[in-house]
Structure formats: structure tokens, C-alpha cells
Amino acid sequence: MYAVESGLGFGLQKPKLLQPCVGDLKLRISSSVGFNCYPNNRGLFLMRARESIPKHTGPLVMAKPELELITPSKSVVKSSGSVFPYVGVACLGAILFGYHLGVVNGALEYLAKDLGIAENTVMQGWVVSALLAGATVGSFTGGSLADRFGRTRTFILDAIPLTIGAFLCATAQRVETMIIGRLLAGIGIGISSAIVPLYISEISPTEIRGTLGTVNQLFICIGILVALVAGLPLAGNPLWWRTMFKLSVIPSVLLAIGMAVSPESPRWLYQRGRTSDAEISIKTLYGRERVAEVMNELASASKGSSEPESGWFDLFSIRYWKVVSVGASLFLFQQFAGINAVVYYSTSVFRSAGVASDVAASALVGAANVFGTTLASSLMDKKGRKSLLLASFSGMAASMLLLSLTFTWKALTPYAGTLSVFGTVAYVLSFALGAGPVPALLLPEIFASRIRAKAVALSLGMHWISNFIIGLYFLSVVNRLGISRVYLGFAFVCVLSVVYVLRNVVETKGRSLEEIELALNPAA
């Protein structure tokens with residue numbers, strides 16, 4: 001007889017009468033090792049008999065074979081479903097996010113002349129910041145809309161302000177029309193900023209959730225890069241800025257069409273009690289083979305909890321405030337570290353540093369952003385979220401210090417153009433490795449399911465408020481204090497970010513959303 005140990009107990013088997021010892025465990029006979037007990041998609045700790053029982057003709061004596069702990073490898077089940085097409089559709093929202101952020105970088109000078117505000121830096125600041133004001137409103141409403149109507153329907157609704165806003169910007173004859181168009185487009189990208197990472201995290205398998213989570217940031221960077229490259233014809237055609245805004249109508253329409261045929265988030269459906277619809281969604285995303293497994297995970301996360309959907313004030317309760325404050329703080333640090341000052345005004349800074357092709361240099365910065373984010377996607381599930389954040393903010397601090405010194409030390413003046421481009425590229429590359437993609441990925445992971453949508457919306461609201469302040473006042477502050485002091489301030493914020501991450505951020509690599517929720521909120 002053999003003693004076989006699993007994570008659920010012992011099973012004693014006769015050599016010629018083999019039965020499964022637990023659940024769906026399968027047994028295999030081996031002349032050299034007796035029999036093995038393997039799991040069928042169960043995470044069990046199993047023991048393998050190392051000695052076979054010799055032939056015995058006398059009284060039966062219990063054999064005591066040496067037992068060896070086996071860590072079972074997860075069986076790979078070929079899935080008949082795929083999340084990738086639907087992640088791609090959601091990322092159209094991320095492309096629009098990046099495109100509307102970056103489109104004014106090269107176009108601002110030309111549209112300012114066309115609309116008669118070339119000498120009015122305050123109105124130029126409002127053209128930039130109207131988008132951010134709208135995004136603040138959109139980010140706060142995005143979570144509530146996603147909770148009420150579902151993730152895919154909210155995407156479809158989101159396409160309305162994105163399309164109308166782009167059209168108004170492209171056809172504006174007065175600065176007031178431009179500001180209204182930017183405000184509507186901002187509402188659209190604010191909603192997108194809340195629901196794109198939420199939707200992707202909820203439909204992504206645990207084993208690749210980190211990689212797919214960075215795809216959101218990657219496509220934001222691609223959107224920024226496309227906007228910067230789209231500005232290259234401006235030097236030869238000053239009215240090209242109108243075409244730049246028209247181009248953003250296309251992905252807005254495609255987003256609505258794509259989401260009309262995309263599956264809803266299984267987690268949202270399950271929370272709504274629509275279990276049959278959740279099963280259909282899981283089948284589409286992962287294949288029939290994983291329906292039972294995913295439904296069990298969803299059931300485990302909600303087991304013993306009959307709490308109603310959270311309200312806004314629940315986010316500030318003792319139970320949730322600590323984790324909610326981490327999400328909000330990460331986005332505040334991200335913005336006050338200076339990234340969008342670089343995105344909006346790098347062309348102006350390069351021009352002041354004497355760079356010959358300022359728009360081309362800004363396009364190089366955008367390319368560095370895409371490259372860094374692509375690299376981060378391959379490291380996210382290997383190195384972890386926290387380590388990437390620490391490395392990222394450290395690199396950003398060093399780069400901003402270099403930029404500050406470039407505009408301060410007279411000895412560096414002959415090299416100001418080269419160093420400003422190098423420092424900016426290094427800063428953006430460092431940002432793209434962690435500070436850019438990690439917060440949007442980390443937030444849906446650390447928030448409990450009942451507060452997830454609203455907590456993400458609140459955190460992104462902090463993002464857009466700080467973004468709005470920087471976009472509105474950056475040029476004025478630079479004119480008053482000088483670019484060197486502003487960059488030095490950004491470097492100081494990056495150092496504070498490193499300290500904060502060390503003390504407050506937890507690692508979520510390799511854990512399912514349900515496991516993270518139970519770990520951070522045992523009572524949830």
C-alpha cells in the first residue's frame with residue numbers, strides 16, 4: 001500500500017486497486033516510483049512515492065516509502081477565446097487620450113496666430129487646460145457611469161463628446177469655440193482614463209494582467225507620438241492644425257463601433273447578479289474551458305459578502321481610505337513630477353535652448369516614451385510594480401536635475417541644446433518605465449471590487465486636477481521663476497515620490513484581483 005499526501009489529506013491505495021485520492025486527481029503507475037498523484041487544474045501540494053512495494057507473500061506490512069514534495073506545474077489548457085481583440089478596441093480610448101494631450105504641443109503656436117491669441121499666454125493656457133478641466137469632470141463621472149451602465153456601454157457613450165469636441169476644435173473660428181471643443185474632448189478622455197484601465201484589468205487573465213495593463217499606457221504614448229508626428233507638416237502649412245484635430249474623429253467612431261460588439265466585464269455582470277451573462281462573457285474572452293474556473297474565482301471574492309454597492313463617502317471611511325489615498329497620491333506625484341509640462345511645452349523649451357528642429361526633437365521625445373513603455377510591458381510581470389516605480393522616479397529625479405543645471409551653469413551653455421534634448425529623452429524614458437504605466441495598472445488591482453470604479457475615478461480626478469493646474473500656470477511660472485528653478489522643483493517631487501513608494505506601495509505581481517482584494521481588505 002502507498003501513502004499519498006495532497007493538500008487535502010492522505011489517501012491509502014492498494015497496488016492493484018487504484019482510485020482517485022481527491023477530486024479529479026489522476027494516478028499513474030510507474031515501476032520505479034510506484035504511483036504519482038497529479039492535479040487536474042487544482043493548486044495542490046502532492047507527494048510522490050519514491051519506492052515501489054516489493055512483492056510480498058507473507059502477512060501484509062504497511063510500506064513506508066520516502067515521500068518527496070512536488071510542486072505541480074499548472075496545466076496549460078489551450079483557450080478557444082482571446083482577450084486581445086477587445087483590449088485593442090479599449091485602447092482606442094487610450095490613443096485618443098494621448099492624441100488630445102499631445103496635439104497642442106506643435107499646433108499651439110499656429111492655432112494661436114490663426115485665432116488671434118498669439119500674444120495672450122493666458123488664453124493659450126486655457127486652450128491647453130480646457131481639455132484638462134473637462135477631463136477632471138469626465139474622470140469623476142466615468143466611474144459612476146461604468147458602475148451603472150456597464151463598461152462597454154460607457155465606452156459607447158464616451159465616443160459622443162470625443163467626436164463632437166474634435167469637430168468643434170477643427171472648425172473653430174473663435175477661441176471660445178476652440179475652448180468649448182477642448183472641454184468636450186476633455187470630458188471624453190477623462191471618461192476614457194477611468195474605464196480603459198478598469199476594463200482591461202477586469203478582462204485580463206491573472207498571468208498576463210501586468211503586461212496587458214501596460215498596453216493602456218503604451219497606446220497613450222503612441223497617441224502622443226502620433227500627435228507630435230502629425231505636427232511635422234505645420235512648418236509648410238500653418239493651417240494644418242485643423243486637419244490634426246479632424247484626424248481624431250476616426251478613432252472616436254471606431255471605439256463606439258468596436259465596443260458595440262465587445263463582451264462586458266464578467267466581474268461587473270457577476271456583481272449585478274447576471275451570472276448567465278457573465279458565463280457567456282467568460283466563454284468569449286477565455287474559452288469554454290475556463291468558465292467554471294473563473295466563475296469560482298468570482299464566487300470566492302464575493303463569498304460571505306452581501307454588501308451594497310459603495311457610495312462616494314465610503315471611499316473616505318477608515319476601512320478604505322488608506323488604500324484610496326495611495327492611488328490618489330501616486331497620480332499627484334506623477335503629475336507634479338512634471339511629465340505633462342514636458343508633453344505640452346517641450347517644443348517651446350527646445351526652441352529656447354536653441355534646438356534647430358524643435359518639433360522633430362519633440363517627436364523624438366514621443367518615440368522615447370513609446371520605447372520605454374514597450375520595455376516596461378515586458379518587465380511588469382517579471383520585476384514587479386513597486387521596483388519599477390522606484391527605478392522610474394529615481395531616473396526622473398536625475399534627469400530633471402540635469403535639465404536644471406543645463407539652464408543654470410554658464411559652462412554648459414554651449415551644450416544647452418544637446419543636453420536639453422538628452423535630459424528630456426532620459427526623463428521621458430524613465431517615466432515610461434514605471435511612473436507612467438504603473439499607477440493606472442496598480443489602481444484597479446489594489447481597490448476592492450465594491451469601490452473599484454469610484455476609487456479609480458477619484459484617483460484619476462486628482463490626476464486631472466493637478467494636470468489642469470500645471471497646464472494652466474506652467475508658462476506663467478516659467479516666465480516668473482525661470483525654467484531652471486521649475487525643473488529643480490520637479491526633481492524634488494521625484495525624490496519625495498521615491499520615499500512615498502518605499503513606505504506605502506504594496507507589490508501585486510502574480511496575484512489575482514480577488515487575492516489582492518482579500519489580502520488588503522479581509523473584511524470585504
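A polar contact is taken here as a pair of N or O atoms within 3.5 Å; within protein, one atom must be able to donate a hydrogen and the other to accept it, and residues adjacent in sequence count only if both atoms are side-chain atoms. The model is predicted, so that local features need pLDDT of at least 70 and side-chain atom pairs count only at pLDDT 80 or more, whereas totals for chains, interfaces and linings use all residues. Residues are numbered from 1 along each chain as its sequence is written, and side-chain values use heavy atoms, with hydrogens and water left out.

Helices are DSSP runs of H or I of at least four residues, numbered from the N terminus. Helix α2 spans residues 121-149, 29 residues in total, and its first and last C-alpha atoms lie 41 Å apart, close to the expected 42 Å (1.5 Å times one less than the number of residues). At the start of α2, a side-chain oxygen of N120 comes within 3.2 Å of the backbone nitrogen of V122. Just after the helix, G150 adopts a positive phi of about 100 degrees.

Cavities were sought on a 1 Å grid over the protein atoms alone, each being a set of points where a 1.4 Å probe fits but cannot get out; lining residues have an atom within 4 Å of a point. Points are joined across faces, edges and corners, and volume is the space filled by probe spheres set on them. Four cavities of 30 Å³ or more result, and the largest holds about 250 Å³. Its lining comprises 23 residues, of which F97, Q217, I220, Q334 and H463 are closest to the centre. Helix α5 gives the largest share of this lining, five residues.

Terms used: Helix = DSSP H or I, 4+ residues; strand = E, 2+ residues; numbered from the N terminus. 1 Å grid on protein atoms, 1.4 Å probe; cavity = no way out; pocket = protein on both sides within 12 Å on 5 of 7 lines; lining within 4 Å.
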